[in-house]
Number of protein chains: 2
Amino acid sequence: MHPEVLKKCIEAQKSKSILANCSANQKNNILEHIADSLENNKEVILKENKRDLDLLKNSEGYTKAFHDRLLLTEERISDMAKGLREIAALEDPIGEVTGMWKRPNGLQIGLTRVPIGVISIIYEARPNVTIDAAGLSLKSGNVVILRGSSEALNSNKALVNIIQQSLNNLNLPAASVSLIEDTERAAALDLMKANEYLDLLIPRGGSSLIKTVIDNSTVPVIQTGAGNCHTYIDSSADLESAYNIALNAKIQRPGVCNAMETLLVHRDIAPDFLPKLISALTDQGVEVRGCKKTTMYSTLVKTANHKDWETEYLDLILAIKVVNSVEEAVEHINCYGTGHSEAIITDSYQNSRLFLNQVDAAAVYVNASTRFTDGMMFGLGAEMGISTQKLHVRGPMGLEALTSLKYLIYGSGQTRM
Amino acid sequence: MHPEVLKKCIEAQKSKSILANCSANQKNNILEHIADSLENNKEVILKENKRDLDLLKNSEGYTKAFHDRLLLTEERISDMAKGLREIAALEDPIGEVTGMWKRPNGLQIGLTRVPIGVISIIYEARPNVTIDAAGLSLKSGNVVILRGSSEALNSNKALVNIIQQSLNNLNLPAASVSLIEDTERAAALDLMKANEYLDLLIPRGGSSLIKTVIDNSTVPVIQTGAGNCHTYIDSSADLESAYNIALNAKIQRPGVCNAMETLLVHRDIAPDFLPKLISALTDQGVEVRGCKKTTMYSTLVKTANHKDWETEYLDLILAIKVVNSVEEAVEHINCYGTGHSEAIITDSYQNSRLFLNQVDAAAVYVNASTRFTDGMMFGLGAEMGISTQKLHVRGPMGLEALTSLKYLIYGSGQTRM
C-alpha cells in the first residue's frame, strides 16, 4: 500500500477508540476550539489559499467557476467557523439507545448508536468541505481521513494543520483528522481498497469522481449527489402554484443537485400552462429544450433529444416533456431519474397517492419545490451530502448517517439450549 | 453483460414496482401458497435433489459434510415450508412510518419504510437458502435474483420452479424470484457489476465466497458471517457460570458463526478455572490450543501460535490465552476479532462497562453465551445472515434490514427562499 496512506490508516485506527469514547462535551469543546482557531488564523489560511489560487491561474484547468469554488475570503472562513459552532450545537447521536427489550430467557437486549469508526472522504476543490467533513466526523465520534484535490492542497494543509493543533491542545489524537497530501490517483486508489482500515468511504463531488469511487472501491461507499430531478404538473394542479414551484425549482439555485432538470406537464393543461412558463423561464435566461409537443407552445423552445432526459444540467437549462397521464410521468421518472428528489403538483388525492407510492426516490414531494431536499431544510442540521442509494441512509446525510449500531446484551449466566 | 444475467436483471426491474406495492395480505398469501406447494411437490424436489447428490458422489469435491448440506429429506422440505409460514406470520415492515414532523414553513415531512428493490443473493450448496432467501425477500417486497452453486443446481431449479408457479397462480410476476442457472464464475462476476439493475448483493457462505464478492462487486454488499468470537473470563467472574457459558459457547454447535473460537482468561483465576475447564473440553472432544501460560495448566493443551488467534475454526477446536487485565482482553479482541459476538463474564460493574463500551462488535455480551446472536434468539424473527459490517445493518439481518427509507413531503405550494 502507498506509504502515506498506510501510515495515516494505521494512525487513524489507533485513534478510533479514543474518539469513539469521547463525551459530547469533549467533542463540542474541540469543535469550538477549531472554530476559534480558524478565526484567529485567517491570515495564514488566506495566504495558503492564495498560493492555490495563483497556481490555478497559471494552469490549464482555470475557469471562473473553479476559481470561485476554491476561493476563501475572511467571510467564508467565518462561515466555516459558524458551521462548526452549529454542529457543536446539534445533539450528540452517539450513545442513544434506539431500543431495549427483554427475551423470555431473561436476556436484556439493547441497541445503541456507536460511531462508524474510520471514514474517508474523497472530494474536489472546495476547501470548506475540509472543515465541514471534519466537523461532522468529529461530532459523531468518527476518525476521518480526508483526501482533497491537488488544486486545494495548500489550503487543505493549512486547515488540517489548524484542526490538528486544536486536537493536540485538547489532548486528543491529532490523527483523528488527517489529510492525504499525495494528490496522485494511486494514493486515492489505495484508499479505496483499504478495507482493513476504513469502515466507510464517501465521495463528494461530480459524477465522474463518484463513478471512479464506485467502480474501484472495495470499502463500503455511500453514493451521493447525482440529482436528475423532475417536477410533474398534473392536470388538476393549481396553475399559479405550479408556476411558482417550477420557476423556483429551476432558477433559485440551478447548480445544485436538488434543482429541477426536467419538467413533465400533463397534456390537458399544457396549452394554458406552458406558454406563460416558457416565457418566464427564457426571460430569466433559462434555455428550454422540449419534446415535439412542447415546441408547439413557443418558438423559444429547442428540440430535446433522448440525451436531455438523462442529463443533470446543473445549469440554466430545462428539459420539458408533455405527458398523457400521471402513470406516464411516473414511468419517465423511474426510467430517467437518479432517485434524488421528485415532485408532483396536483389537487388530485388519488394521483398524489400514486405518485408518492410509485416514484422510487429519496424524497418525493406533493405541491412543493424539490429545492427543499437538504439537511437544514428537513430539520436534520448540517449534512455530509445527499445519499441516492438505498443502503444505510437515503436522502440528506446528517449526523445519524455517520453512526452504526451495536447490540448490548445483559445476561445472568444464560446458555443456549 | 452475460445474456442470462442481463435478461433476468431486466425482468427483475420490471417486476420491482408491482412487488413493492403489494399489500401484506398479498405477500402472506404467496408465502402460504409456496409453502403448500413445497409440501405437495416433495417427490419432484427429492428426485431433483437426488440428481444433485448422485453427481456429487462421483465428484472430487465429495465430503460427508458437503453431502449433508446438500441433502433434502421430507422433513427438511417440511421445515422449509414451516419457515415460510413463520415469515408470513411476521409483521410487514413496508409502509411503516418511522417519523413525521412539520417544518416552520408548513412542510410536513415523513419517513416511510420501502423495499430496497432488487436484491441478489450468491450462496453455496444449501438448497434451504433458496427458500429462505426467497421468503424474506418477498415478504419485504423485494425482487430477488438467486445464484446458488453448481452442486445444487437441479434442486434449486425445482424449488424456484415451484415458487414461480405460485407467483403465476396468484397473478404476480414470476420474475419476482429468479435463479441464474449458469453456475460459471463469469455469470456471478457480471451480477456483481450490475449496478444499473441491482440495489444490493448479499453473499451467504464461507469466507472465500465473501472475499470474492467484496473484491469484485461494485453493487453495494452486506458482508455477513465471519465470526471469530471471544469469551473473556474476568477475575471477578462467577466461575461456575463462566464454566457453563464457555462450554456452551464452544460445544453446543461449533460449526456456526456465533460459536466461541478463543477463550481469554484473567491470570488471577486461571489456576482455579483452566484445569477443570480444559479437562471438560477435552472430554467432549475439543482440541485445546493455548498460550504458554495455558499449557502449564494441562498436558492436554497444544501450543497455540499467532495463526490461532485469527482463525475461525468452526470446529471442535479452541484457542485459550491468559491475559493480565480486561484492557488486554479488549485489545486482543479488537485486534483479532471479526466484529461479530464477544462476551465478558464478570461481576465487576466497571469492567462490564468498559467491555461493553470499548469492544467493537455487532453484539457484546455480559454474562451470557455468544451463541445467542441470531435473529430468532434476539426476537427479530427469521434472518438473512449476520452482518459484520457497520453500514446499513449490524448483527442479525431480519426483515427490516431488507428495507430502505423514503422521505414523503406534503406541501401546499412551498418554494425555497
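Two residues are taken to be in contact if their C-beta atoms, placed from the backbone, lie within 7 Å. By that criterion, in this predicted model, 54 residues of chain A are in contact with 54 residues of chain B. Several elements of chain A, namely helix H9 (207-216), helix H10 (239-251), H15, E13 and strand E16 (403-414), each supply at least two residues of the side that touches chain B. The biggest contribution to that side of chain A comes from E16(A), which gives eleven residues.

The arrangement of the two copies is a pleasantly simple one to follow. A turn of 180° with a shift of 0.0 Å along the axis lays chain A on chain B with an RMSD of 0.0 Å. This is therefore the relation of a two-fold axis. Within chain A, A:His392 has the C-alpha nearest the axis, 1.8 Å from it. Both copies use the same surface, since 100% of the contact residues of chain A recur in chain B.

Turning to the single chain, chain A holds 16 helices and 16 strands. Its radius of gyration is 24 Å, close to the 22 Å that the globule rule gives for 417 residues, so chain A is as compact as a globular protein of that length. Along the principal axes, the C-alpha atoms of chain A fill a box of roughly 70 × 70 × 35 Å. Of the 417 residues of chain A, 53% count as buried. Among contacts in chain A between residues at least 6 apart in sequence, 71% join residues at least 24 apart.

The domain assignment divides chain A into domain 1 (3-224 + 393-410) and domain 2 (229-377). The C-alpha centres of these two domains of chain A lie 35 Å apart. Their contact takes four residues from domain 1 of chain A and five residues from domain 2 of chain A.

One sheet is built from strands of both chains. It is an open sheet of ten strands with mixed pairing, in the order E10(A)-E9(A)-E11(A)-E8(A)-E7(A)-E12(A)-E13(A)-E16(B)-E2(B)-E1(B). At its edges are strand E10 (302-303) of chain A and strand E1 (97-102) of chain B, each of which pairs on one side only. Within the sheet, strand E8 (residues 260-266) and strand E11 (residues 317-323) of chain A pair in the parallel sense over five bridges. In E11(A), A:Val323 is the bridge partner of A:His266.

Two helices of chain A that pack on this sheet can be described in turn. Helix H14 (residues 326-336) of chain A touches strand E7 (229-233), E8, E11 and strand E12 (341-345) of chain A, and its direction makes about 140° with that of E11(A). Helix H15 (residues 349-358) of chain A touches E12 and strand E13 (363-368) of chain A together with strand E16 (403-414) of chain B, and its direction makes about 155° with that of E13(A).

Finally, two residues deserve a look for their backbone angles. Most residues other than glycine have a negative phi. Phi of A:Asn171, however, is positive, near 60°, and phi of A:His392 is likewise positive, near 70°. A:Asn171 lies in the loop between helix H7 (153-169) and strand E5 (177-179) of chain A, while A:His392 is found in the loop between strand E14 (386-387) and strand E15 (395-396) of chain A. A:Asn171 is exposed, because 9 other C-beta atoms lie within 10 Å and a residue with 12 or fewer counts as exposed. A:His392 is buried, because 22 other C-beta atoms lie within 10 Å and the cut-off for a buried residue is 20 or more.

Key. Residues are numbered from 1 along each chain as its sequence is written. Chains are lettered from A and ligands numbered from 1 in the order in which they are written. This is a predicted model: local features need pLDDT of at least 70, side-chain atom pairs count only at pLDDT 80 or more; totals for chains, interfaces and linings use all residues. Copies are superposed by least squares on the C-alpha atoms of residues with pLDDT of at least 70 in both. Two strands pair if DSSP finds at least two bridges between them. Helices (H or I, at least four residues) and strands (E, at least two) are DSSP runs, numbered from the N terminus. Axes are lines fitted to C-alpha atoms, for helices over the stretch in contact, and angles run from 0 to 180 degrees between N-to-C directions. The radius of gyration is taken over C-alpha atoms; the globule rule is 2.2 Å times the number of residues to the power 0.38. Domain bounds come from an automatic or database domain assignment.
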